[in-house]
Amino acid sequence: MKRLSWLIVAVIVFGCSQTKQAQTYSSGDVEMDRFVGDLLSKMTIEEKIGQLNLLTPGGGILTGSVVNPDVEQKIKAGNVGGLFGVIGVDKIRKAQELAVTQSRLKIPLLFGSDVIHGYKTTFPIPLGLSCSWDIPMIERSARVAANEATADGLNWVFSPMVDIARDPRWGRVAEGAGEDPYLGAAVSAAMVRGYQGTNMAADTTLMACVKHFALYGAAEGGRDYNTTDMSRLQMYEYYFPPYKAAVDAGVGSAMTSFNEIDGIPATGNRWLLTELLRNQWGFKGFVVTDYTAINEMIDHGSGDLQQVSAQALRAGTDMDMVGEGFLKTLKKSLDEKAITEAEITLACRRILEAKYKLGLFQDPYKYTNAQRATREVLSADKRAAAREFAVRSSVLLKNTNQTLPLKKTGTIALIGPLANDKNNMLGTWAVSGDKDLSIPVLTGMKNVAGAGVNIIYSKGANITDDTALAKKANVFGERASIDSLSPARLLSDAVATANRADVIVAVVGEASEMSGEAASRSDINLPGNQTALLEALAKTGKPLVVVMMSGRPLTITREMQLATSFLHVWFQGHEAGNAIADVLFGNYNPSGKLTMSFPYNVGQIPVYYNHKNTGRPQGPGPTQKFRSNYLDVSNDPFLPFGFGLSYTTFTYGDVRLDKTTMQANEQLRVTVPVTNSGRFAGEEVVQLYIHDKVASVTQPVKKLKAFQKIMIRPGESREVVFNLSVEDLKFYNSEFKWVSEPGEFTVMVGGNSRDVKRADFTLRN
Ligand code: NOJ
């Protein structure tokens with residue numbers, strides 16, 4: 001009897017909370033609320049749980065080790081909310097037909113994919129794109145990718161990846177925008193705008209997914225999937241801004257990260273997914289896990305599949321990627337009252353809302369127009385855009401004697417394992433890109449050079465002679481092949497070729513899959529056999545132009561010494577060869593700047609520009625006892641954040657302020673004259689940094705707060721003006737409040753984070 005009355009009370013309370021939730025729920029869009037509310041009222045609990053599943057049928061593009069069986073049956077049974085790894089209008093149309101003609105409620109599916117740097121037309125890796133510091137261009141890159149992906153049937157992309165990364169051992173630095181929160185936030189918002197446009201329901205826009213929420217880039221030791229552990233202040237000030245920028249830009253979905261945060265896996269972390277993301281930041285979209293991230297909570301030590309699935313749902317996860325933990329256990333957890341129906345309904349509602357916002361209920365086939373696919377996929381305008389994005393991602397690191405740009409006369413020896421290569425041009429996470437459509441550097445050089453140049457080629461070295469490493473780089477197909485000629489023979493042929501030339505261009509670097517997911521390295525040198533090749537080429541005494549490809553900063557002190565000129569190009573995508581040639585021959589004057597510091601050696605990592613001063617900062621001059629420094633290496637990176645040269649030179653004048661005391665309601669006008677003191681027209685990224693000298697929470701030695709990319713003609717001087725407001729002087733205090741404190745500040749302006757001009761001012765409240 002006692003048990004029965006308890007049950008009755010439970011039913012009444014539970015029933016009331018359900019009705020109350022249905023009555024009080026408001027997204028702010030009355031039509032959508034009515035539509036989704038009606039649909040929910042018709043759904044069984046199994047159908048609601050069904051919407052929470054993202055499956056991959058295999059056979060297409062795989063990005064993890066698990067695939068789901070019986071996908072067709074599951075779609076018909078209403079057990080699937082979305083699919084990924086299904087590519088192309090025909091396949092997507094067929095799968096959509098199953099959902100909208102054969103499932104009881106005819107709810108359309110989401111179709112997602114990893115469109116990370118372009119779709120079928122592949123652009124430079126995101127780390128490369130970020131080096132352009134060209135926010136409108138980065139937005140355009142997402143827009144072009146959305147155009148192509150929607151034409152081919154997709155309505156959802158797992159991008160932008162905005163994890164701040166200070167550790168180049170982590171292979172996934174390739175996918176993000178580097179180490180800085182301000183630049184990272186600008187890139188993040190731009191990509192969301194590019195993908196989603198102003199109307200997600202338009203035919204050419206789709207839903208973005210900000211990832212990996214959160215702190216995935218801070219994996220200990222740079223080892224992928226490893227633990228992260230950091231203070232809340234560090235999270236708020238340095239790691240969260242890019243995620244929050246995506247939320248502020250209206251991103252439709254967010255993906256959880258594999259790591260734990262404060263000892264709780266992100267996928268089951270209620271503080272992260274509900275209190276922070278939804279309650280503090282006002283996120284309105286849905287949360288999807290990363291690939292089998294719920295199941296992985298078992299290995300994290302959070303419980304069995306039923307327990308971790310319930311924990312993930314309660315934490316605020318709405319959709320289960322591939323793992324089927326929700327599908328297999330949520331009903332049981334509901335019956336056992338470990339979760340509520342309201343929690344399931346809410347997650348389902350968020351997924352239905354996304355489908356509504358995409359316009360899928362009005363037209364589930366809207367992205368499956370075969371004619372549009374033929375017209376848009378791999379179209380010439382997209383290839384042209386890829387070339388433009390690529391040239392703007394190159395970073396010139398050294399240029400002695402103005403060896404670059406190359407003259408369009410004489411003989412050029414083009415040498416190196418990546419000089420005539422199609423297999424590595426796309427870089428990591430180009431799951432839909434066809435590598436065979438890539439332009440190798442040799443082809444690009446011939447295309448751009450014209451008839452006056454004789455280009456002779458020799459491979460010179462394998463990417464690596466280490467067969468074990470090569471095998472790991474070849475997981476998705478041949479990337480690092482070992483040549484049938486011996487390393488000694490490759491080298492001697494290359495030296496002979498070099499001796500016949502006026503100038504050598506050596507194209508060296510990592511294989512594309514030596515960075516990316518599950519591609520951490522403890523040694524971030526160029527493979528030793530390639531350094532040996534550069535040593536041998538340098539000995540010829542000919543000018544040596546090094547072109548380096550990699551998905552991460554490498555330790556390149558020796559290679560920089562050997563090179564006469566050094567161009568870092570990351571992985572540039574389909575148009576790599578043409579774009580690299582455009583820059584080498586001066587059709588485009590390089591303007592990229594590094595967005596991650598390059599260390600002298602691995603022992604310096606993490607090394608980043610916005611570090612704290614410490615109580616025992618290193619003074620100028622040599623290493624001192626009892627200061628915070630190393631016996632064997634400088635505290636500074638080899639190449640600082642923001643660094644990059646041009647074929648011209650820029651000279652900075654003094655920084656002028658319109659006042660030395662600023663009230664909190666005023667703006668501070670910062671002016672700096674920048675002169676093009678060289679011979680070529682060129683673009684410069686003028687960077688502004690702030691230092692707050694005294695604060696209740698210790699502040700970094702500098703933080704980027706503004707930048708402008710401007711074109712200046714030779715001999716021309718431009719007054720670059722920045723207007724700072726009190727917003728730019730704020731930081732998170734110990735209560736995690738975003739505040740400014742009155743006092744003294746330094747403003748610094750320069751062409752990189754190291755070489756800056758300074759001026760001081762005071763903020764008064
Ligand atoms: C795992 C990766 O971490 C994530 O970035 C990606 O979107 C998913 N797999 C889906 O491919």
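The expected span of a helix is 1.5 Å times one less than its number of residues. In this predicted model, helix α21 covers residues 528-539, and its 12 residues should therefore span 16 Å at 1.5 Å a residue. The C-alpha atoms at the two ends of α21 are 17 Å apart, which agrees with that expectation.

Helix α21 has buried residues along its length, and these are Asn529, Gln530, Thr531, Leu533, Leu534, Ala536 and Leu537. An α-helix has 3.6 residues a turn, so residues three or four places apart point the same way. The cover over the buried residues of α21 includes the strands β12 (410-415), β14 (503-509) and β15, together with the helices α20 (487-499) and α22. Just after α21 comes Gly541, which takes a positive phi of about 80 degrees.

Two of the covering elements, β15 (544-549) and α22 (557-562), are joined by a loop that holds Gly551. Is Gly551 buried or exposed? Gly551 is buried, because its relative accessible area is 0%, and the cut-off for a buried residue is under 20%. Setting aside residues up to four places away in sequence, Gly551 touches Ile125, Leu127, Gly171, Val173, Ala174, Glu510, Ser515 and Phe571. The C-alpha atoms of Gly551 and Leu129 are 12 Å apart in space, although 422 residues separate the two in sequence.

Leu129 also appears among the contacts of Ser141, a residue of helix α7 (residues 135-151). Apart from neighbours within four places in sequence, Ser141 is in contact with Phe123, Leu129 and Phe389. Ser141 has a relative accessible area of 3% and is therefore buried.

The next topic is the enclosed space. The structure holds 5 cavities of 30 Å³ or more. The largest cavity has a volume of about 90 Å³. Its lining is made up of 15 residues, of which Pro126, Met161, Glu175, Val187 and Met191 are the closest to its centre. Which elements give two or more residues to this lining? They are α6 (126-130) and α8 (181-196). By class, the lining of the largest cavity has 10 nonpolar residues, 4 polar residues and 1 charged residue.

The second largest cavity contains about 80 Å³ of space. It is lined by Glu47, Gln51, Ile75, Gly78, Val80, Ala99, Ser103, Leu105, Lys106, Ile107 and Leu109. This lining divides into 6 nonpolar, 3 polar and 2 charged residues.

The remaining values concern the chain as a whole. Its secondary structure amounts to 23 helices and 27 strands. The radius of gyration is 27 Å, close to the 27 Å that the globule rule gives for 765 residues, so the chain is as compact as a globular protein of that length. Along the principal axes, the C-alpha atoms fill a box of roughly 95 × 65 × 45 Å. Of the 765 residues, 61% count as buried, and Gly551 and Ser141 are buried residues. Among contacts between residues at least 6 apart in sequence, 78% join residues at least 24 apart.

How values were computed:
Residues numbered from 1 in each chain as written. Predicted model: local features only at pLDDT ≥ 70, side-chain atom pairs only at ≥ 80, totals over all residues. Heavy atoms only, no water. 1 Å grid on protein atoms, 1.4 Å probe; cavity = no way out; pocket = protein on both sides within 12 Å on 5 of 7 lines; lining within 4 Å. Points joined across faces, edges and corners; volume = space filled by probe spheres on them. Helix = DSSP H or I, 4+ residues; strand = E, 2+ residues; numbered from the N terminus. Nonpolar A, V, L, I, M, F, W, Y, C, P; charged D, E, K, R; others polar. Buried < 20%, exposed > 50% of the residue type's maximum accessible area, 1.4 Å probe, protein only. Contact = heavy atoms within 4.5 Å. Rg over C-alpha atoms; globule rule 2.2 N^0.38 Å.
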